[in-house]
Amino acid sequence: MRGALGGPRVLLRRLREVMAEPVSAQERLDKVVVLIAANMVAEVCSVYVLRVDGTLELYATEGLKAEAVHQTVLRSDEGLVGLVASEANPINLSDAQNHPAFSFRPETGEEIYNAFLGVPILRAGNTLGVLVVQNRARRTYSEEEEEALQTTSMVLAEMIASGELSALARPGLEPAVRRTIAIKGTALSEGIALGHVVLHEPRVVITNFIAEDVPKEVKRLEGALETLRTDLDTLLERGDMGGDGEHREVLDAYRMFAYDRGWVHRLEEAVRTGLTAEAAVERVQSDTRARMLRITDPYLRDRLHDLDDLANRLMHQLLGKDYVPPRERLPDNAIVVARTMGPAALLEYDRKRLRGLILEEGGPNSHVAIVARALGIAAIGEVENATGIVDSGDAIIVDGVTGDVHVRPLPDMEAAYVERVKLRARRQQQYAALRDRPSVSKDGERFTLLLNAGLAVDLPHIEETGAAGIGLFRTELQFMVAATFPRTTEQYALYRSVLDAAGNRPVTFRTLDIGGDKVLPYMRNVEEENPALGWRAIRLGLDRPGLLRSQIRAMLRAAGGRELKVMFPMVATVEEFDQGKDFVERELTHLRRHGHKLPDRVEVGTMLEVPSLLFQLDELLSRVDFLSVGSNDLTQFFYAADRGNMRVSERFDPLSAPVLRVLKLIIDKCREHDTPVTLCGELGSKPLGALALAALGYRSLSVTPSAIGPVKAMLLDLDCAKARAMITPLIEKPAGSVGIRDALIAFAAAEGLQV
Ligand code: PEP
Ligand code: MG
């Protein structure tokens, strides 16, 4: 390396010695800057540390005036140092003084230096400070020198992250690494949880940064890369990954990254500078993460995610750790933080200890969110860089009501939340006290409050909440959490246990609703441009009759001697309903012929979630035994807005005239035909949504278990006639989409309703 004495390897060796010396933090830091300056033949080497107040404090310098240390403090956007920090990018200039961002502090004596090289001190994509070298001469630092300085900055990152420097700070102005952070995401599942962070894919902690034997480290890296590639080849060559299509391209691209020469070259270079193989991986990964934060293009972000994921695998490989960690050692009050997660993964955690979930991606209608709600776990999605800002074991608060996350909260905040938890617990007690009260409104209207369920874990909720039954049993959840197709006997066993748990309360089973975003890992994926509009639910059931037939048989047998209600998801035409019903009839005939005990009564209905059915209501309602409105999908298709994509799903308010007019049309038609109707979408699970539905005339709602209490409490205080009088003119008004939500909130406030 040009300009450096002995090269980065020597420097790293020396730094390792300094790290091991039993000296104070300040002395260690002072030695570090002297070493770097000497090694890089720089007249100045300085370390700026980002503080909790967002400013950058000079912590050590060789070359600038010593009295400036701990005195010079820069705003995070001030000067070149601020620019390095805010952009998380190196700046390399031969003539710094002519750069528009240049500014100097007289107390440092910096004005005589022309050449400037500053690199961010990064850890997991977060900037912790800035490391700078300067020279008087207008020289250009080489790329190798820039690389070397970035490598060196890792040692400082670990020093800052270890908390060692906090002893040098004034209270309230500590290094930002341990600062308290408040961030907001999207509330996915109500509840408040205080606990400690568990990273879903735990970041491995590197303890050994500096290579003792560089050729050996190069070999280790090569060996790990080789194993990584072979593992990936085996994984992707397996039978269930076969076939062409987009998934194949994505997987191949992922595998190709393992051979990507640029990536491998960067890793090798980092090792050759004297880092251990794992430190080299982290070094390159830090760069990738910093880039990921700046890039908004979804395609590029995905690619960087792939690289990041690959680096994770490689790191686990090098350290001999499982890539998917064993989950048995959870702390009490675990709050799991993940980038993304499927519904099955959440179920693998020990539910007795799991309190909360935070995701970087995932909207309220994602299936992990539905499972979180069923489990009663506070959950928040769309929390940017959540995994980057927390460390395992950090104290954390999840407010699943407002979407607020508090990382490493201050004692005041914690105390306030402990109070809120107590308050909520009191409210829960009030709801529990309502358990046996009939759901009758103030003006005597009777309501049926049912549960949405899908797994055995939901069953105790029937008793706990005093629900009138199960209005929607999502049978696909059993399939989604299984490793292979559940056999008919397993389906039968689950359905039987559901009916047993319900006793004489009704249960409505929905046939498999898979496809779209509900993917079965073991089923061969059919690649489609638009899965939500594709081959899913009843469509798949009718085209692959074996699956539907065996499921219906399992239901009919489980309900022997009792009542059974079956409905089909995603029905778009009356004919599809007829075909589905035919299956039921044929299975009944089959069972009868074979002498099985039949259900006492079978009702067959359908979900209404595809808008085309709105224009077939008369034909449909004369055929079905009951109707269930799936407002989640109905709203998605009605507005042509993906329910899982927060950019578009939140643009359209279900509490606006177009949706409410549709919902009114449905209830009016059902009344005309005397067809029982329930609404089972999430709209009914919110007291405000339930208020609107009650006002439109809905009397049966199937809601998430935690919503029974709040919805019932609201209904008991509601005057339905008054609510109807309030809402009717609003939805009939020509420009009626404005302000219906606000009008409902105002009505609730005036009537003393808790919404
Ligand atoms: C709906 O679409 O409203 C519904 C209840 O079904 P799911 O959320 O399971 O798609
Ligand atoms: Mg649906």
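A polar contact, for my purposes here, is a pair of N or O atoms within 3.5 Å. I keep that cut-off at hand for ligand 1, and I note at the start that this is a predicted model.

**Entry 1: ligand 1**

I went to Ser631 to begin with. One of its polar backbone atoms sits 3.1 Å from an oxygen atom of ligand 1, which falls inside the 3.5 Å limit. Then I looked up how much of the ligand the protein hides: ligand 1 has 290 Å² of accessible area on its own, and 100% of that is covered.

Next I checked Gly630, where a polar backbone atom is 3.3 Å from an oxygen atom of ligand 1. With Arg474 it is the side chain that takes part: an N or O atom there is 2.7 Å from an oxygen atom of the ligand.

How many residues surround ligand 1? I get 14, and the closest are Arg474, Arg510, Gly630, Asn632 and Arg643. By character, the shell splits into seven charged, four polar and three nonpolar residues.

Which element gives the most to that shell? Helix 21 does, with three residues. Strand 16 (470-474) is also worth a note, since strand 16 and helix 21 each supply at least two residues.

**Entry 2: the magnesium ion**

I turned to ligand 2, a magnesium ion. Its protein donors are Glu609 (OE) and Asp633 (OD), and they lie 2.0 to 2.2 Å from the ion. Glu609 is in the loop between strand 19 (601-608) and helix 20 (617-621), while Asp633 is in helix 21 (residues 631-639), so this pair ties together parts that are 24 residues apart in sequence.

Are these donors buried or exposed? Glu609 has 2% relative accessibility and counts as buried. Asp633 is buried as well, at 3%.

**Entry 3: two positive phi angles**

I looked for odd backbone angles, because most residues other than glycine have a negative phi. Val41 is not a glycine, yet its phi is positive, about 50 degrees. I find Val41 in the loop between helix 2 (25-39) and strand 1 (44-50). It is partly exposed there, with 44% relative accessibility.

Ala537 also has a positive phi of about 50 degrees without being a glycine. What is its setting? Ala537 lies in helix 17, which runs over residues 537-543. Its relative accessible area is 3%, so I put it down as buried.

**Entry 4: Thr151**

Thr151 is in helix 4 (residues 143-161). I read 1% relative accessibility for Thr151, which means it counts as buried. Which residues does Thr151 touch, leaving aside neighbours within four places in sequence? I list Leu12, Thr273, Leu275 and Arg283. With Arg283 there is a polar contact as well: the two side chains are joined at 3.0 Å.

**Entry 5: helix 24**

I went through helix 24 (residues 687-696) residue by residue. How many of its residues are buried? Ten of its ten are, so I wrote "mostly covered" beside this helix. The buried residues include Pro687, Gly689 and Leu696.

What do they pack against? On the helix side I have helix 23 (657-673), helix 25 (708-716), helix 26 (720-732) and helix 27 (740-751). Strand 21 (677-679) and strand 22 (700-703) complete the list. Just after helix 24 comes Gly697, with a positive phi of about 120 degrees.

**Entry 6: Glu603 and Arg586**

Glu603 is in strand 19. At 12% relative accessibility it counts as buried. Apart from its neighbours within four places in sequence, Glu603 is in contact with Leu564, Lys565, Val566, Asp625 and Phe626.

Since Asp625 had come up, I looked up its separation from Arg586. Their C-alpha atoms are separated by 17 Å, and the two residues are 39 apart along the chain. Arg586 itself is in helix 19 (residues 574-593). With a relative accessible area of 49%, Arg586 goes down as partly exposed, because exposed needs over 50%.

Note on methods. Residues are numbered from 1 along each chain as its sequence is written. Chains are lettered from A and ligands numbered from 1 in the order in which they are written. This is a predicted model: local features need pLDDT of at least 70, side-chain atom pairs count only at pLDDT 80 or more; totals for chains, interfaces and linings use all residues. Side-chain values use heavy atoms; hydrogens and water are left out. Helices (H or I, at least four residues) and strands (E, at least two) are DSSP runs, numbered from the N terminus. Buried means under 20% relative accessible area, exposed over 50%, partly exposed in between (1.4 Å probe, protein chains only). A polar contact is a pair of N or O atoms within 3.5 Å; within protein, one must be able to donate a hydrogen and the other to accept it, and residues adjacent in sequence count only if both atoms are side-chain atoms. Contact means heavy atoms within 4.5 Å. Donors are N, O and S atoms within 2.8 Å of the metal (3.2 Å for Na, K and Ca); water is not among the atoms, so sites may look incomplete. A residue is near a molecule or strand if one of its heavy atoms lies within 4 Å of it. Accessible areas come from the Shrake-Rupley method with a 1.4 Å probe; for residues, only the protein chains shown count as cover. Ala, Val, Leu, Ile, Met, Phe, Trp, Tyr, Cys and Pro count as nonpolar, Asp, Glu, Lys and Arg as charged, and the others, Gly among them, as polar.
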